[in-house]
Amino acid sequence: MKNTLIFLLLWLFLLPATHSAETDAGFWATANLNKPVAEQWQANLQIQSRMVDGVDMLERYLLRPSLDYLVNDIMFVSLGYDIHFVKTGTDSTEQRLWQQLVVRQKSMQFKPLLRIRLEERFFDGRDDTGFRGRLLAGVSVPTGNSWIQHFVIRNEIFMNINDVRPGPKSGFDQNRFFAGFSAGLGQGFSGELGYQNQYINRASNEDLSINQLYFALSKRLQ
């Protein structure tokens, strides 16, 4: 398992963005709540806002409740739902159902992570359902610093499985790369801060590369 995770990390992180792209700047702010609800179950809620256009425009905000089943110490599966309130252009909503498998190794100093997610996307005014696969690999490494406790790096690839007319085309959709730091803040709180690049494949326009400041605050409820 360890060798497989290392191979996927190298494969994902070495994928180049070879095409020219329009650039933008943005900011993502995320709040996460997590609560155990039974011996092997936990409930989650994520609230997120995304700014673009040099951090001057709200692109969207979203709600993401989910439920995890802990298979064992290193693996869990999830069922979730998203609703995205898209504010750029004409106001619209996108709803998603999703299922995922997460493998994480918490007992090692070098903590790899692998996540596979399948999404079913429902768009305003469109009858077709969009299917999309997502593959994320990452690693967390202790820094030895009491304030900035872990260095975190991860990469996620998005692939559309089918065409939605009008809308996403099958094939490569986007890539997200993150590098930053995380730390426990006490009383069940933790935080993450870093740089994220979101590279978006746009069929009818030049590709878009957004350089983002990413911040997340998480709270584990007892």
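Visitor: In which strand is F189 found?
Guide: Happy to start there! Helices (H or I, at least four residues) and strands (E, at least two) are DSSP runs, numbered from the N terminus. By that numbering, F189 is found in strand β10.

Visitor: Before we go on, what kind of model is this?
Guide: Residues are numbered from 1 along each chain as its sequence is written, and side-chain values use heavy atoms, with hydrogens and water left out. Local features need pLDDT of at least 70, side-chain atom pairs count only at pLDDT 80 or more, and totals for chains, interfaces and linings use all residues: this is a predicted model.

Visitor: Is F189 buried, partly exposed or exposed?
Guide: Buried means under 20% relative accessible area, exposed over 50% and partly exposed in between (1.4 Å probe, protein chains only). F189 has a relative accessible area of 34%, so the class for F189 is partly exposed.

Visitor: Which residues does F189 touch, leaving out those up to four places away in sequence?
Guide: Contact here means heavy atoms within 4.5 Å. With that cut-off, F189 touches G184, L217, S218 and K219.

Visitor: How far is the C-alpha atom of F189 from that of L33?
Guide: Along the chain, F189 and L33 are 156 residues apart. In space, their C-alpha atoms are separated by 9.5 Å.

Visitor: How many bridges join β9 to β10?
Guide: Two strands pair if DSSP finds at least two bridges between them. β9 and β10 run antiparallel, and one of their bridges pairs N175 with Y199. The count of bridges joining β9 to β10 is twelve.

Visitor: Which residue in the turn between β9 and β10 has a positive phi?
Guide: β9 and β10 form a hairpin with two residues between them. Most residues other than glycine have a negative phi, and most peptide bonds are trans. The turn residue with a positive phi, about 55°, is Q187.

Visitor: Is Q187 buried or exposed?
Guide: Q187 is found in the loop between β9 and β10 (189-200). Its relative accessibility is 72%, so Q187 counts as exposed.

Visitor: Which loop holds D53?
Guide: D53 is a residue other than glycine with a positive phi, near 55°. At 43% relative accessibility, D53 counts as partly exposed. Its place is the loop between β2 (41-52) and β3 (57-70).

Visitor: Which two residues does a cis peptide bond join?
Guide: Look at the loop between β8 (150-160) and β9, where P166 lies. Omega is about -10° at the cis bond, which joins R165 and P166.

Visitor: Which side chain makes a polar contact with the side chain of N175?
Guide: N175 sits in strand β9 (residues 171-186) and is buried, with a relative accessible area of 15%. A polar contact is a pair of N or O atoms within 3.5 Å; within protein, one must be able to donate a hydrogen and the other to accept it, and residues adjacent in sequence count only if both atoms are side-chain atoms. At 2.9 Å, the partner of the N175 side chain is that of N155.

Visitor: Which aromatic residue forms an edge-to-face pair with F178?
Guide: Rings of Phe, Tyr and Trp (its six-membered ring) pair if their centres lie within 6.5 Å; planes under 30 degrees apart count as stacked, over 60 as edge-to-face and the rest as tilted. The structure holds five aromatic pairs. In one of them, 5.4 Å centre to centre with 70° between the planes, the partner of F178 is Y214.

Visitor: How many residues apart in sequence are the parts that this pair ties together?
Guide: Both F178 and Y214 are buried, and ring pairs link them with W28 into a cluster. F178 lies in strand β9 and Y214 in strand β11 (residues 207-220), so the separation in sequence of the parts tied together is 36 residues.

Visitor: Which residue has its charged end over the ring of F178?
Guide: A charge sits over a ring if NZ of Lys or CZ of Arg is within 6 Å of the ring centre and within 35 degrees of the ring normal. One residue lies over the face of Y214 at 5.8 Å from the ring centre and over the ring of F178 at 4.2 Å from its centre: R154.
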